[in-house]
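Reader: I'd like to talk through the insides of this protein. Can you take me through the core and the empty spaces, and tell me what earns each its label?

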Amino acid sequence: MTNLRDVPPQAAAPENRGAAGRWVALAVLCVSLLIVTLDNTILNVALPTLVKELGATTTQLQWIVDAYALVFAGLMLVAGSAADRFGRRRVFTAGLAVFGVTSAWAAYSGSTGMLIAARAGMGVGAAMMMPATLSIITDLFRDPGERRRAIGMWAATSGLGIAIGPVAGGLLLEHFWWGSVFWVNIPFAAVGLVCATLLVPESRNSAVLRPDPGGSVLSIVGLGLVLWAVIEAPVRGWTSAVVLGAGGGGLVVLVGFALWERASTHPMLNLDFFRERRFSIATSSVSLAMFGLFGALFVLTQYLQFSLGYSALETGVRILPVAGLLAVVAPLSPLLVRWAGTKAVVGTGLVAVSGGLWQLSAADVSATYGDMLPGMLLLGLGAGLVVPAALDSLMGTLPQGDTGVGSATNGVAVQLGGALGVAVIGSLLATRYQDRMGPPLAPYHLPHDVSDSVLGSLGGALALAGRVGGTAGRMLAELARSAFVSGMGLGLTVGAAVAAGGAVLAFIALPSRPRQHRPADPSGD
């Protein structure tokens, strides 16, 4: 365990800054973090627009979303370790700069390939920001009660980003081009850079181990292969040699990553953390909740626009109850933990996520927004309960000097869970959609590019139906909408089962009360 003599004075005694200084620094960190979560929901609302403007298929949409999440998750552990070693504020501000530059690149991308690359670059910046913010907060707020309130505010900020993202995205798309949903990040990044430099204290762990580039490469390659296999399976076939080879190879690489970390004298991720159930089960719970939430948002934004006919702004307003309830519930979750315990709050939250996904999976082509609303509210309620409660449990197990890597592990759980949710739920949707669309269209021998567009996304099919018109166009549109809703139901049903499994795990294995980590003895004993 790192003792206080290993930490510079400003990190060892954050109370010297005074309560006001700590809360001002927290506000700066939270506002800067807003753009990371804002970007996720703004992009979801823009997905149908990318189908129309760039001709993106469902598979390409998954990569546009998951390129960000994959790099984010793959680099976050390295970034957390770097923040502990080189300075948390330094890494945070560097991440802000990278995020702003790559957001400008994304805004002016001229193809899906360039946009995917820019999104990966944004993931680099986000990976540098996320763990640094949480580790700075944990370092500033040593008192357990204050730390809970600060983490609740941090989680609420994430919820606020999710809440305002859909409406902001809809407003921007109503008045500007699709790239404006990325361009909006730039002023946030610029203001955040100035304020963080002036108001956020620097802190580091001078005893942190040296970097682990081998572990970083193995984690990114392993996760990348697994996600590639899941996303590409609907196009190439779930049993194709290339998909099975990539998926199996990714799992082998991830096993190699675990063995590497176990044998390394300076591991990127200390696997001993996972011996503590408060850490391992809390991390799993966050990941499973995000699996359902991100996967649902990926399909619902398309459903609301393509199937129910809402505009981007109207869709943003209708997604708002999910994010708004999450933002309201998140700050209350730590209070509920004090009353009912971590096990009850996290388990109940995952039950709510599962119930919401199950209710949404029952939608058919005649469903209305009112039919979908109860399930969406359950999603927001569940996520708002799970994330702060599990995060407090996770962070409460860590030595003070390991907060950067520990908070990065939480960030990996969020991004990896979300990426897998988009990949799995999106791929199940695409598979069912293609299975329902392929046979009826086969006798017509459509040109290859037209067939790819129709089978690639609901938006492509509706565009062709509009050009054809008449009875044939109407029949094609009805077939496409029915196939999409069927695929959405399949994907959300699987998501509900995953969240239900997480709830069982939490109720059985997660301790009821978070253990407060004993501060290091200043004497070094």
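**Core, pocket and cavities**

Author: Let's go. In this predicted model, α2 (18-54) and α11 each supply at least two residues of the lining of the second largest cavity. The biggest share comes from α2, with 3 residues.

Reader: What makes N40 and R119 part of the lining of the second largest cavity?

Author: A lining residue has an atom within 4 Å of a grid point of the cavity. N40 and R119 are in that lining, along with L43, N44, V65, F294, F298 and V422, so each has such an atom.

Reader: And why is that space called a cavity rather than a pocket?

Author: In a cavity a 1.4 Å probe fits but cannot get out, while a pocket is an open set. This space, of about 50 Å³, is classed as a cavity, so the probe is shut in. The whole structure has 3 cavities of 30 Å³ or more.

Reader: What about the largest pocket, how much space does it hold?

Author: About 400 Å³. Closest to its centre are F257, L269, F274, V412 and L416, among 19 lining residues. The lining has 12 nonpolar, 7 polar and no charged residues.

Reader: Why is M488 said to be in contact with Y303?

Author: Contact takes heavy atoms within 4.5 Å. M488 is in contact with Y303, and also with V299, L300, A363, M372 and L429, so each of those pairs meets that cut-off. Both M488 and Y303 are among the residues touching the most other members of the 127-residue largest nonpolar core.

Definitions and conventions:
Residues numbered from 1 in each chain as written. Predicted model: local features only at pLDDT ≥ 70, side-chain atom pairs only at ≥ 80, totals over all residues. Heavy atoms only, no water. Core = buried A, V, L, I, M, F, W, Y, C linked by side-chain atoms within 4.5 Å. Buried < 20%, exposed > 50% of the residue type's maximum accessible area, 1.4 Å probe, protein only. 1 Å grid on protein atoms, 1.4 Å probe; cavity = no way out; pocket = protein on both sides within 12 Å on 5 of 7 lines; lining within 4 Å. Points joined across faces, edges and corners; volume = space filled by probe spheres on them. Nonpolar A, V, L, I, M, F, W, Y, C, P; charged D, E, K, R; others polar. Helix = DSSP H or I, 4+ residues; strand = E, 2+ residues; numbered from the N terminus. Lists of a residue's contacts leave out its neighbours within four places in sequence.
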